[in-house]
Amino acid sequence: MEQSPKTILALAPGTRHLGVGVLVGEDLVYFGVKSFHGRKSARTLLPRVAASVIRIVRRYRPDILAIEEAYYAQARSSFLLSTLIISLRMLGRKHRLRIERILPTEVKRYFCIGKQTRQSLAEAMIRHYSFLTNFLHEHRTRAYWQQMFDAVALGTFVACQIREREGIETRRSPSHPQR
């Protein structure tokens with residue numbers, strides 16, 4: 001019996017922008033960037049981000065929350081970013097989502113051909129989802145849309161991992177007679 005595909009909410013957190021991708025299996029059903037203007041403090045930012053994520057959770061009912069972990073020194077040293085990531089994990093647990101914490105280097109290693117940069121990751125996502133091409137053009141604000149590409153790559157990475165795990169499990173399990 002084939003299982004229904006898992007719904008994945010992928011988040012690439014930043015203190016200015018939150019990249020969002022929602023996938024059902026490997027189908028990208030929603031993507032975007034949530035911007036949080038104004039004063040940046042935990043007291044003001046965290047509730048705004050939480051409200052935004054809760055709206056997405058209620059609409060798409062994900063099974064999995066994939067969060068990009070802070071990896072680079074600048075990101076790890078940002079108290080606000082670290083607090084935001086912890087807050088998002090707590091929010092995921094509150095909504096009973098399976099939490100996947102992924103390093104950006106893991107995602108880049110999986111998708112990138114040649115140099116493992118954010119630019120090459122965005123290009124890899126365009127190969128997967130050609131309709132994202134318009135978001136990489138020069139006239140667009142790259143730093144803004146890069147968060148979205150990071151989130152989409154993160155969600156796609158988790159979807160691919162699930163598919164690979166299920167493929168291994170179905171190959172290992174004995175065949176069951178059809179009823």
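Biologist: Why are the side chains of Arg163 and Glu26 said to meet in a salt bridge?

Modeller: In this predicted model, the N to O distance between the side chains of Arg163 and Glu26 is 2.6 Å. The name asks for a side-chain nitrogen of Lys or Arg within 4 Å of a carboxyl oxygen of Asp or Glu, so the pair of Arg163 and Glu26, at 2.6 Å, qualifies. A search of the whole structure finds five such salt bridges.

Biologist: What makes this pair a tie between separate parts of the chain?

Modeller: Arg163 belongs to helix 6, residues 142-172, while Glu26 sits in the loop between strand 2 and strand 3, so the pair ties together parts that are 137 residues apart in sequence.

Biologist: How do you know whether Arg163 and Glu26 are buried, exposed or partly exposed?

Modeller: The relative accessible area is 43% for Arg163 and 28% for Glu26. Buried means under 20% and exposed means over 50%, with partly exposed in between, so Arg163 is partly exposed and Glu26 is partly exposed as well.

Biologist: What makes Glu69, Arg89 and Arg101 a network?

Modeller: Glu69 takes part in two pairings: its side chain meets that of Arg89 in a salt bridge of 3.2 Å, N to O, and that of Arg101 in a salt bridge of 3.1 Å, N to O. Both distances satisfy the limit of 4 Å, and Glu69, Arg89 and Arg101 are therefore linked in a network of salt bridges.

Biologist: Where do Arg89 and Glu69 lie, and what does their pair tie together?

Modeller: Arg89 lies in helix 3 and Glu69 in the loop between strand 4 and helix 2 (73-76), so their pair ties together parts that are 20 residues apart in sequence.

Biologist: Why are Arg89 and Glu69 placed in their accessibility class, buried or exposed?

Modeller: Arg89 has a relative accessibility of 14% and Glu69 has 15%. Since the cut-off for buried is under 20%, Arg89 counts as buried, and so does Glu69.

Biologist: How do you know that Glu68, which has its place in strand 4, lacks a salt bridge?

Modeller: The nearest side chain of opposite charge to Glu68 is that of Arg118, 5.7 Å away. A salt bridge would have to be within 4 Å, so Glu68, although buried, has no salt bridge. Leaving out residues up to four places away in sequence, Glu68 touches several others, including Leu11, Ile85, Ile102, Asp150 and Leu154.

Biologist: What makes strand 4 a mostly covered strand?

Modeller: Five of the five residues in strand 4 are buried. Ile64, Ala66 and Glu68 are on one side and Leu65 and Ile67 on the other, and both faces of the strand are covered.

Biologist: Which elements does helix 3 lie across?

Modeller: Helix 3, residues 79-94, lies across strand 1 (7-12), strand 2, strand 4 (64-68) and strand 5, and it runs at about 175 degrees to strand 4.

Biologist: How do you know that strand 4 pairs with strand 1 and with strand 5?

Modeller: Pairing asks for at least two bridges between two strands. Four bridges join strand 1 to strand 4, and these two strands run parallel; five bridges join strand 4 to strand 5, again in the parallel sense. Both counts therefore meet the requirement. Leu11 stands opposite Ile67 in strand 4, while the bridge partner of Leu65 in strand 5 is Ile99.

Biologist: Why is the pairing of the sheet called mixed?

Modeller: The open sheet of five strands has the order 3-2-1-4-5. Beside the parallel pairing of strand 1 with strand 4, strand 2 (residues 17-24) is joined to strand 3 by eight bridges and runs antiparallel to it, with Gly21 standing opposite Phe31 in strand 3.

Biologist: What makes strand 3 and strand 5 the edge strands?

Modeller: Strand 3 (27-35) and strand 5 (98-102) each pair on one side only.

Biologist: How many helices and strands are there in the chain, and what share of its residues is buried?

Modeller: The chain has six helices and five strands, and buried residues make up 48% of its 179 residues.

Conventions
Residues are numbered from 1 along each chain as its sequence is written. This is a predicted model: local features need pLDDT of at least 70, side-chain atom pairs count only at pLDDT 80 or more; totals for chains, interfaces and linings use all residues. Side-chain values use heavy atoms; hydrogens and water are left out. Contact means heavy atoms within 4.5 Å. Axes are lines fitted to C-alpha atoms, for helices over the stretch in contact, and angles run from 0 to 180 degrees between N-to-C directions. Buried means under 20% relative accessible area, exposed over 50%, partly exposed in between (1.4 Å probe, protein chains only). Lys and Arg count as positive and Asp and Glu as negative; His and the chain ends are not counted.
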